[in-house]
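Student: Could you take me slowly through one part of this protein? I would like a close look at a single sheet and what lies around it.

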Amino acid sequence: MTVGYPARKPARPFFSSGPCAKPPGYSPEKLATESLGRSHRAKIGKTRLQYSIDLMREVLQLPDTHRIGIVPGSDTGAFEMAMWTMLGARPVTTLAWESFGEGWVTDAVKQLKIDPTILRADYGQIPDLNAIDWSNDVLFTWNGTTSGVRVPSADFIPADREGLSFADATSAVFAYDIDWSKIDVATFSWQKVLGGEGGHGVIILGPRAVERLESYTPAWPLPKVFRLVSKGKLTEGVFKGETINTPSMLAVEDAIFALEWAKGLGGLKGLQARSDANAAALGKIVDERPWLSHLCADEATRSKTSVCLSVEGADADFIKKFAALLEKADAAYDIAGYRDAPAGLRIWCGATVNAEDIVDLGPWLDWAYATVKAELAAA
């Protein structure tokens, strides 16, 4: 049985959850290139790195109390840098409700051997945030990219906490309001909501994190790329564009393009409005189809960026065929769920996606579902 194509394709079928769609109107020819082929320590390199930091601060509405540094290894490198340099001073609680949160558990248990308290929840759920002991340092993922589950806000973090709050915020920054007074450490990558390139991470340190770095020396050796302190003092240059190792200035220029685009939208509120519109458009598609549902049933904790969906009766093989059909038709790229997550779809709704493309995706999901069902029935 052959099922006919829908009438119109998404103009930009880029729905990957990382690296994510480039900003609308992007092309490599639009990037500034004067810093390329130059030392990142030359005046032009430092100037552009500092400019990218200034733009991030402006768009995120980050207070002056918090420092921003560009570091190696994408969000993973940034979060591991925070763990390896600051954990061990007091007990640790780790929250895990998706793959990357589980990764931080593995680091804490097997690499740092600090025997943390672990609060877990299944995919689509979130642990009891009221059960957290804030005399501990607490590690959590603000927006679970592989489960479509997020914390509803920073209200669960007490102002008078004793421990530090560590937020892996890579699919959350630029999409949600974040109360920075509650965040001691946050990390992210340009490749998510900004649609930038991978390879570089960003670490944000509040004053309590800086105090920890300057007053505590971990028991384990630190690789050079993790070192944020020299002679007992924070290496301030890292937060002024003097990176620990050589950055890709092409990736930096790419991020600057995205940040200037975001600023042109009206900054944080403009980015949030686009992401909200995309999530609403996809939510309407789900509501209209009995075979499609959200993996996260609770709207208060449902991601507005990495939206994870369940397909009725689908196993991993069904989803593989489903996603492959859409990719072959150039209707949607990279929408199969994460490999460790339950079989399903994952559709990025961050700000660099256009809402009209989400709307146009709906009939194509119907087409792929009907096509795979027909193929299986005929087999």
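Tutor: Happily; we will begin with the sheet, move to its surroundings, and then visit a few other places for context. This is a predicted model, so local features need pLDDT of at least 70, side-chain atom pairs count only at pLDDT 80 or more, and totals for chains, interfaces and linings use all residues. Residues are numbered from 1 along each chain as its sequence is written, and side-chain values use heavy atoms, with hydrogens and water left out.

Let us start with the sheet itself. It is an open sheet of three strands in the order 12-13-14, with antiparallel pairing. Strand 12 (292-294) and strand 14 (345-348) are at the edges, and each has a single partner strand, so one side of each is left without a neighbour in the sheet. From one strand to the next, the twist averages 35°. Some terms help here: helices (H or I, at least four residues) and strands (E, at least two) are DSSP runs, numbered from the N terminus. Two strands pair if DSSP finds at least two bridges between them. Angles are taken between axes, which are lines fitted to C-alpha atoms (for helices over the stretch in contact), and they run from 0 to 180 degrees between N-to-C directions.

Now look at one pairing in detail. Strand 13 (residues 306-311) is joined to strand 14 by four bridges, and the two run antiparallel. Find Val-307 and look across to strand 14: the residue opposite is Ile-347.

What lies across these strands? Helix 6 (residues 268-287) does, lying across strand 12, strand 13 and strand 14 and running at about 130° to strand 12. Contact here means heavy atoms within 4.5 Å.

Next, the cysteines. A disulfide is a pair of cysteine sulfur atoms within 2.5 Å, and by this rule the count comes to zero. For Cys-296, the nearest cysteine sulfur is that of Cys-308, 9.1 Å away, and Cys-296 is in no disulfide. Cys-308 is in no disulfide either, with the sulfur of Cys-296 as the nearest, 9.1 Å away. To describe how covered a residue is, we say buried for under 20% relative accessible area, exposed for over 50%, and partly exposed in between (1.4 Å probe, protein chains only). Cys-296 is buried, with a relative accessible area of 1%, and Cys-308 also counts as buried, at 7% relative accessibility.

Cys-308 brings us to an empty space. Rolling a probe the size of a water molecule over the atoms shows where empty space is left. On a 1 Å grid over the protein atoms alone, a cavity is a set of points where a 1.4 Å probe fits but cannot get out, a pocket is an open set with protein on both sides within 12 Å along at least five of seven lines, and lining residues have an atom within 4 Å of a point. Grid points are joined across faces, edges and corners, and a volume is the space filled by probe spheres set on the points.

The structure holds one cavity of 30 Å³ or more, and the largest cavity has a volume of about 60 Å³. Its lining has 13 residues, with Leu-295, Cys-308, Leu-309, Pro-342 and Leu-345 nearest its centre. Strand 13 and strand 14 each supply at least two residues of that lining, and strand 13 gives the most, with three residues.

Just before strand 14, follow the chain back from the sheet. Asp-334 lies in the loop between helix 7 (316-328) and strand 14. Asp-334 has a positive phi of about 60° although it is not a glycine, and Asp-334 is partly exposed, with a relative accessible area of 48%.

For context, look at strands elsewhere. Strand 4 (residues 137-141) pairs with strand 7 (residues 165-168) in the parallel sense over four bridges, and Ser-165 in strand 7 is the bridge partner of Val-138. In a regular strand the side chains alternate between the two faces of the sheet. In strand 7, Ser-165 and Ala-167 point one way and Phe-166 and Asp-168 the other way, and all are buried.

Finally, there is an open space to find. The largest pocket holds about 270 Å³ of space. It is lined by 17 residues, of which Ser-17, Gly-18, Phe-100, Gln-191 and Lys-192 are the closest to its centre.
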